[in-house]
Amino acid sequence: MLASETDALSAHPVAVGLVLFLESALSFALPVSMTFQAPSLPPIVIATRESRLALWQAEHVQALLQARGHAVSLLGMTTLGDQILDRSLSKVGGKGLFVKELETALHDGRADIAVHSLKDVPMELPEGFALACVMEREDPHDAFVSPRYASLQDLPTGAVVGTSSLRRQVLLQALRPDLNIQPLRGNLDTRLRKLDEGQYDAIVLAAAGLKRLNLHERIRMIFAPTEMLPAAGQGALGIEVRSDRQDLIAALAPLAHQPTWLRVTAERTVSRCLGGSCSMPLAAHAVLEGQQLRLDAAWGDPEQHTALVRTSASANVSTLAEADALGQAVAAQLRAGGAG
Ligand SMILES: NCc1[nH]cc(CCC(=O)O)c1CC(=O)O
């Protein structure tokens, strides 16, 4: 059974890697691996947005599940967030714009799971939905992209920089108050096209998306977290299901990456405690060194773009509840500093 599986997947390097891994795992975990190959497994339908990045993410999850013996198909959909391109997301409802239509498909049973960039997932999911797992994180940092300038420091006074994220706007102004920051919306290809057309001197966007789409050669500089602290969940993928689908929650459990899950839980708690929405400039970024989770956060006044509160704390963490507690402590520190 496994040999034919290997043949069928041999065109896909990720899948082949996983099958090889499964083969070696078979030698000591035969009973468990056998259950992945059971022919009675029902097909899993993934609801996905149709941007190149969303499709890459859905296909990534599809390959991982196929390597575990599941039949998987994709259901492409357009969300409100994809349609509204002329306004800043913070002005039209923010987070949730990219996920609501996908949740409707899960609710109606047209799809089983939805793959999201965790950054776009609201802190509190609607009643009846759950995050089944968080997967291993790509580069969580922000990237500087420009056809002419190698870094933020190289930009001339008054240069036009594109970003629609209030967080990036506030952090950029703190680094370079002279810059002229202008709104930039659209999927990755649209944003790069607008840069290439000369509408901006530089743009700032998540490194993760560029790397996933093999556009890493466009990156001139990756911001250190000390300069540009990332958004909660940036670079991580989360898989959403209906909470009553325990079958899927069990099937997805092997795709979880616990260190990433601990980090993004702490980050998302900061956002949740401060009422997390796109209309508030907020950064939260955690790193794990052994069991030690260090969480940095920054908050900017949406009315007064240069005022910034920054804080950080560390704790020994091995459960999601402990990561959540660290997030609450950091949120309280931010509040004490004037945030919220
Ligand atoms: N808000 C849009 C968004 N949501 C997820 C990503 C890609 C990076 C990621 O997975 O966090 C992006 C693009 C960006 O911020 O530049």
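These legends go with several close-up views of one predicted model.

**View 1. The whole chain, before we zoom in.**
Let's start with the overall picture: the protein chain has 11 helices and 13 strands. Of its 340 residues, 40% count as buried. Now take the contacts between residues at least 6 apart in sequence: 70% of them join residues at least 24 apart.

**View 2. An open sheet of five strands.**
Read across this sheet and the strand order is 2-1-3-10-4, with mixed pairing. Strand 2 (72–77) and strand 4 sit at the edges, each pairing on one side only. On average, and ignoring direction, neighbouring strands here are turned by 30° against each other. Zoom in on strand 1 (residues 44–49) and you'll find it running parallel to strand 2, with six bridges joining the two. One pair to look for is Ile46, which stands opposite Leu74 in strand 2.

**View 3. Helix 3 lying across four strands of the protein chain.**
Helix 3 covers residues 52–67. The strands it lies across are strand 1, strand 2, strand 3 (113–117) and strand 10 (237–242). Compare helix 3 with strand 1 and you get an angle of about 165°.

**View 4. Ala130 on an edge strand.**
Find strand 4 (residues 129–134) and you'll find Ala130 in it. Is Ala130 buried, exposed or something in between? Ala130 counts as partly exposed because it has 16 C-beta neighbours inside 10 Å, while a residue needs 20 or more to be buried. Leaving aside residues up to four places away in sequence, Ala130 touches Leu125, Val241 and Ser243. Look for Ile249 too: Ala130 and Ile249 are 119 residues apart in sequence, yet their C-alpha atoms are 9.0 Å apart in space.

**View 5. Strand 8 and its two pairings.**
Strand 8 is mostly covered, with five of its five residues buried. Strand 5 (residues 142–145) pairs with strand 8 in the antiparallel sense, over four bridges. In that pairing, look for Phe144 opposite Val204 of strand 8. Strand 6 (residues 160–162) pairs with strand 8 in the parallel sense, over two bridges. Here Val161 stands opposite Ala202 of strand 8.

**View 6. The residues around the ligand.**
Which residues make up this shell? They are Ser117, Lys119, Asp120, Leu205, Ala206, Ala208, Gly209, Gln234 and Gly235. Strand 8 (202–206) and helix 8 (207–212) are the elements that give two or more residues to the shell. Sorted by class, the shell has three nonpolar, four polar and two charged residues.

**View 7. Helix 6, mostly covered.**
Helix 6 spans residues 166–175, and seven of its 10 residues are buried. Those buried residues are Leu166, Arg167, Arg168, Gln169, Val170, Leu171 and Leu172.

**View 8. Helix 10 packing with helix 11.**
Here helix 10 (residues 258–273) meets helix 11 (residues 320–336) at an angle of about 40°, and their axes are 7 Å apart. The crossing is right-handed. Helix 10 brings Trp261, Leu262, Thr265, Ala266, Glu267, Thr269, Val270 and Cys273 to the contact, and helix 11 brings Leu320, Ala323, Asp324, Leu326, Gly327, Gln328, Val330 and Ala331. Sort the residues of this contact and you get 10 nonpolar, four polar and two charged.

Conventions
Residues numbered from 1 in each chain as written. Predicted model: local features only at pLDDT ≥ 70, side-chain atom pairs only at ≥ 80, totals over all residues. Axes fitted to C-alpha atoms, helices over the stretch in contact; angles between N-to-C directions. Left-handed = near helix turned anticlockwise from the far one by under 90°. Contact = placed C-beta atoms within 7 Å. Nonpolar A, V, L, I, M, F, W, Y, C, P; charged D, E, K, R; others polar. Buried ≥ 20, exposed ≤ 12 C-beta atoms within 10 Å, placed from the backbone. Pairing = 2+ DSSP bridges. Near = placed C-beta within 6 Å.
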